Amino acid sequence: MVAAFRRSFSVVAASIGLAAVVSTLASAPALAQAASAATARETLSVLDEPGRVSTEEITITEGPFKRQLVFFRSNEPPGTIEIHTSERFLYLTLGNNRALRYGIGVGREGFQWSGLVKITRKAEWPDWTPPPEMIARQPYLPRFMAGGPGNPMGARAMYLGGTVYRIHGTNQPETIGQSISSGCFRLANGDVVDLYAHANVGTKVIIRHAASL
């Protein structure tokens, strides 16, 4: 009698264990899918959004990242652009220790850089051809996108030396002040239009990046 009960209990326990395993295996794809969806949402929230419309009138009007005249010590001649990535500011020097300061978005961790370059080309509503290394990281991006209000490059672009980097507008003005790009410097469309009017081909651009501890 006891032996029969033990055998019966073992069979029931095994059945319960098997059911638990089957249940876990069945739910695993759903859990993985939910995790993937959450990861995708987190990733997409900081990446470029092709097709999102933003006009050239959008500017930052409040807070520290709005365009404003500031006191700025510099030995550079008027018209020089100085970018301070750690501060998220771009300065257009005016002389007499004054500068126009613009709030910017900068490269994310691992994509920030420093150097001395010149503006080699300017474009209004520039086309966008993501470089191969960006396509490798974000394969869903278009291989080419014509310029316009839905283009992530925004209303204006100033190309920096022989690099793939630019100072450009954005259709995501809420990202100004953040470090999320692949190395370019983005301004709200209204601000990049203003800077574009002051900066010429040949303008000296100094990128300063203070390493964080």
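**Salt bridges, sheet and aromatic pairs in a predicted model**

Four salt bridges are counted in the structure, which is a predicted model. One of them joins R67 to D191, with 2.6 Å between the closest N and O atoms. R67 sits in the loop between α1 (2–44) and β1 (68–71), while D191 belongs to helix α3 (residues 189–198), so this pair ties together parts of the chain that are 124 residues apart in sequence. The two partners are covered to unlike degrees: R67 is partly exposed, at 33% relative accessibility, whereas D191 is buried, with a relative accessible area of 0%.

R67 also meets D194 in a salt bridge, here with an N to O distance of 3.6 Å. D194 is again a residue of helix α3 and R67 lies in the loop between α1 and β1, so the parts held together are 127 residues apart in sequence. With a relative accessible area of 22%, D194 counts as partly exposed, just above the 20% under which a residue is called buried.

A further salt bridge links E76 and K204, whose closest N and O atoms are 2.8 Å apart. E76 is found in the loop between β1 and β2 (81–84) and K204 in strand β11 (residues 204–208), so the contact connects parts that are 128 residues apart in sequence. Both ends are partly exposed, E76 at 21% relative accessibility and K204 with a relative accessible area of 29%. Through shared partners, salt bridges join R67, D191 and D194 into one network.

It helps to set these pairs within the fold as a whole. The secondary structure comprises three helices and 11 strands, arranged along the sequence in the pattern α-β-β-β-β-β-β-α-β-β-β-β-α-β. The chain has 213 residues, of which 39% count as buried. Among contacts between residues at least 6 apart in sequence, 66% join residues at least 24 apart. The accessible surface comes to about 11600 Å², and carbon and sulfur atoms account for 60% of it.

Nine of the strands form an open sheet with mixed pairing, in the order β1-β4-β3-β2-β11-β6-β7-β8-β10. β1 and β10 (185–186) stand at the edges with a single partner strand each, so one side of each has no neighbour in the sheet. Strands of a sheet pair through backbone hydrogen bonds, in either a parallel or an antiparallel sense. Within this sheet, β6 and β11 run antiparallel and are joined by four bridges. K204, already met as the salt-bridge partner of E76, is the bridge partner of K118 in this strand pair. On to the next neighbour, β6 pairs with β7 over five bridges, also in the antiparallel sense, and R121 stands opposite Y159 of β7. β8 and β10, by contrast, run parallel and are joined by two bridges, with H168 opposite R186 in β10.

Helix α3, which supplies two of the acidic partners of R67, lies across β2, β3, β4, β6, β7 and β8 and runs at about 55 degrees to β7. Its buried residues are N189, G190, D191, V192, L195 and Y196. The cover over these residues includes β2, β3 (89–95), β4 (98–103), β6 (115–124), β7 (156–160) and β8 (166–168). D191 thus combines a buried position with a salt bridge to R67.

Turning to the aromatic side chains, five aromatic pairs are found in the whole structure. F65 and F89 make a tilted pair, with 5.5 Å from centre to centre and 45 degrees between the planes. This pair links F65, in the loop between α1 and β1, to F89 in strand β3, 24 residues apart. F65 is partly exposed at 22% relative accessibility, and F89 is buried at 10%. The rings of W113 and F185 are likewise tilted, because their planes stand at 40 degrees with the centres 5.8 Å apart. W113 lies in the loop between β5 (106–107) and β6 and F185 in strand β10, so parts that are 72 residues apart in sequence are tied together. Both residues are buried, W113 with a relative accessible area of 15% and F185 with one of 1%. Finally, F65 and F89 belong to one aromatic cluster together with F72 and Y91.

Conventions: Residues are numbered from 1 along each chain as its sequence is written. This is a predicted model: local features need pLDDT of at least 70, side-chain atom pairs count only at pLDDT 80 or more; totals for chains, interfaces and linings use all residues. Side-chain values use heavy atoms; hydrogens and water are left out. A salt bridge is a side-chain nitrogen of Lys or Arg within 4 Å of a carboxyl oxygen of Asp or Glu. Buried means under 20% relative accessible area, exposed over 50%, partly exposed in between (1.4 Å probe, protein chains only). Contact means heavy atoms within 4.5 Å. Accessible areas come from the Shrake-Rupley method with a 1.4 Å probe; for residues, only the protein chains shown count as cover. Two strands pair if DSSP finds at least two bridges between them. Axes are lines fitted to C-alpha atoms, for helices over the stretch in contact, and angles run from 0 to 180 degrees between N-to-C directions. Rings of Phe, Tyr and Trp (its six-membered ring) pair if their centres lie within 6.5 Å; planes under 30 degrees apart count as stacked, over 60 as edge-to-face and the rest as tilted.
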